[in-house]
Amino acid sequence: MANNYQALKSGTDVRGVAIDLFGAPVTLTDAAVFDITAAFVCFLADRCKKPACELRVALGHDSRLSADRIAAGCRQALTQAGVTVLDCGLASTPAMFMTTVRLEADGAVQITASHHPADRNGLKFFTRDGGLDGAQLSSLLADAEAGRRAPDAAGTVEPVPFMTTYAADLRRMICASLGKTEAEQPLAGYKIVVDAGNGAGGFYATDVLAPLGADVRGSQFLEPDGRFPNHIPNPENPDAMASICEAVRANGADLGREITAADTLKNVMLKVREPGKDWELLGVG
């Protein structure tokens, strides 16, 4: 039976059931992961006008339970084509795009299903121009269905602790926007609550805000846990929003941030006080 990888297309990303947690059949199979990643190698080689064996591709994943299996399939497809894999491990989606800037990777693959339930996972592909658009992904999936692959070669895997670099970049950006240096602790005096939803975004509290002086006590669910035991990692979900609102209230915070499993910036809850008024929670997209 011919593979129908187009059924895994969700906008500009690949999405599917990746692990049997709730009784749904697995659709993001090992074969699908290999074939789609192999087709991405061909797409990238064509775009970069260089053989696959000269490509450098960054690979990262969020905290989902199926991440290790899918990462192994991606590494196999990449190295079998001779690609140098920059293995970033647990990483946020914005960080994986930035590998094409800071590491000068030719492309990047992020294993994530963003705010979808724990049994889902997916693949998000980047070039130096950003994420693939819908038409590009459809073409890539057609190549995967046809079994398009680069010639076999011996690739390598290089572990890269990129999230350390990315967190430092974010601190520099915050400092630059405030006209301060990191040594000046520009966020001192601010109480900021982060709800990472047990995804990949806990670093934002510990490695970005706290080193700049912010009081992040009261932050919650920073530990990666692909079961998402506290609430689903969707900041538009009422339970998730109730969780961050309550954390902001309970801790008297100035600002609260809700993060998806892959650390995409979906929603922020601000807590603002005006003279003569009680604290007020405002939803910001």
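Student: What volume does the largest cavity have?

Tutor: About 50 Å³. Keep in mind that this is a predicted model.

Student: Okay, and how many cavities of 30 Å³ or more are there?

Tutor: The count comes to 1 cavity of that size.

Student: Which residues line the largest cavity?

Tutor: Its lining is made of F34, A38, A77, Q80, A81, R149, A150 and D152. Two elements, α1 and α2, each give two or more residues to that lining.

Student: How do those lining residues divide into nonpolar, polar and charged?

Tutor: For the largest cavity, 5 are nonpolar, 1 is polar and 2 are charged.

Student: Let's stay with α2. How many residues does the helix have, and how far does it reach?

Tutor: Helix α2 covers residues 67–80, which is 14 residues. From first C-alpha to last it reaches 20 Å, close to the 20 Å expected at 1.5 Å a residue.

Student: Which of its residues are buried?

Tutor: The buried ones in α2 are A67, I70, A71, G73, C74, A77, L78 and T79. A77 also turns up in the lining of the largest cavity.

Student: And what covers the buried residues of α2?

Tutor: The cover includes helix α1 along with the strands β3 (56–61), β4 (84–90), β5 (107–111), β6 (120–127) and β8 (156–159).

Student: What happens just after α2?

Tutor: G82 sits there with a positive phi of about 90°.

Student: G82 is a glycine, though. Which residue other than glycine has a positive phi?

Tutor: E104 is one, with phi near 55°. F228 is another non-glycine with a positive phi, about 50° in its case.

Student: Where are E104 and F228 found?

Tutor: E104 is in the loop between α3 (93–102) and β5. F228 lies in the loop between α6 and α7 (238–251).

Student: Is E104 buried or exposed?

Tutor: E104 counts as exposed because its relative accessibility is 55%, and the cut-off for exposed is over 50%.

Student: And F228, buried or exposed?

Tutor: F228 has a relative accessible area of 7%, so it is buried; the limit for that is under 20%.

Student: New topic: pockets. How much space lies in the largest pocket?

Tutor: About 310 Å³. It is lined by 14 residues, and the closest to its centre are I174, L187, I192, L209 and L255.

Student: Which element gives the most to that lining?

Tutor: Helix α5 does, with 3 residues in the lining of the largest pocket. At least two residues each come from α5 (162–178), α6 (203–209) and β10 (255–258).

Student: What's the nonpolar, polar and charged split for the largest pocket?

Tutor: Its lining has 10 nonpolar residues, 1 polar and 3 charged.

Student: Back to α1 for a second. Where is A31, and how exposed is it?

Tutor: A31 is in helix α1, residues 30–48. With a relative accessible area of 44%, A31 is partly exposed. A31 and A18 are 13 residues apart in sequence, and their C-alphas are 12 Å apart in space.

Student: Last thing: what pLDDT does the chain average?

Tutor: The average is 89, and 91% of the residues score at least 70.

Student: Where does pLDDT stay under 50?

Tutor: Over residues 264–285, for which the model has 56 contacts beyond four places in sequence. Where pLDDT is low, the predicted coordinates should not be read in detail.

Conventions: Residues numbered from 1 in each chain as written. Predicted model: local features only at pLDDT ≥ 70, side-chain atom pairs only at ≥ 80, totals over all residues. Heavy atoms only, no water. pLDDT = per-residue confidence, 0-100. Contact = heavy atoms within 4.5 Å. 1 Å grid on protein atoms, 1.4 Å probe; cavity = no way out; pocket = protein on both sides within 12 Å on 5 of 7 lines; lining within 4 Å. Points joined across faces, edges and corners; volume = space filled by probe spheres on them. Helix = DSSP H or I, 4+ residues; strand = E, 2+ residues; numbered from the N terminus. Nonpolar A, V, L, I, M, F, W, Y, C, P; charged D, E, K, R; others polar. Buried < 20%, exposed > 50% of the residue type's maximum accessible area, 1.4 Å probe, protein only. Expected span 1.5 Å × (residues − 1).
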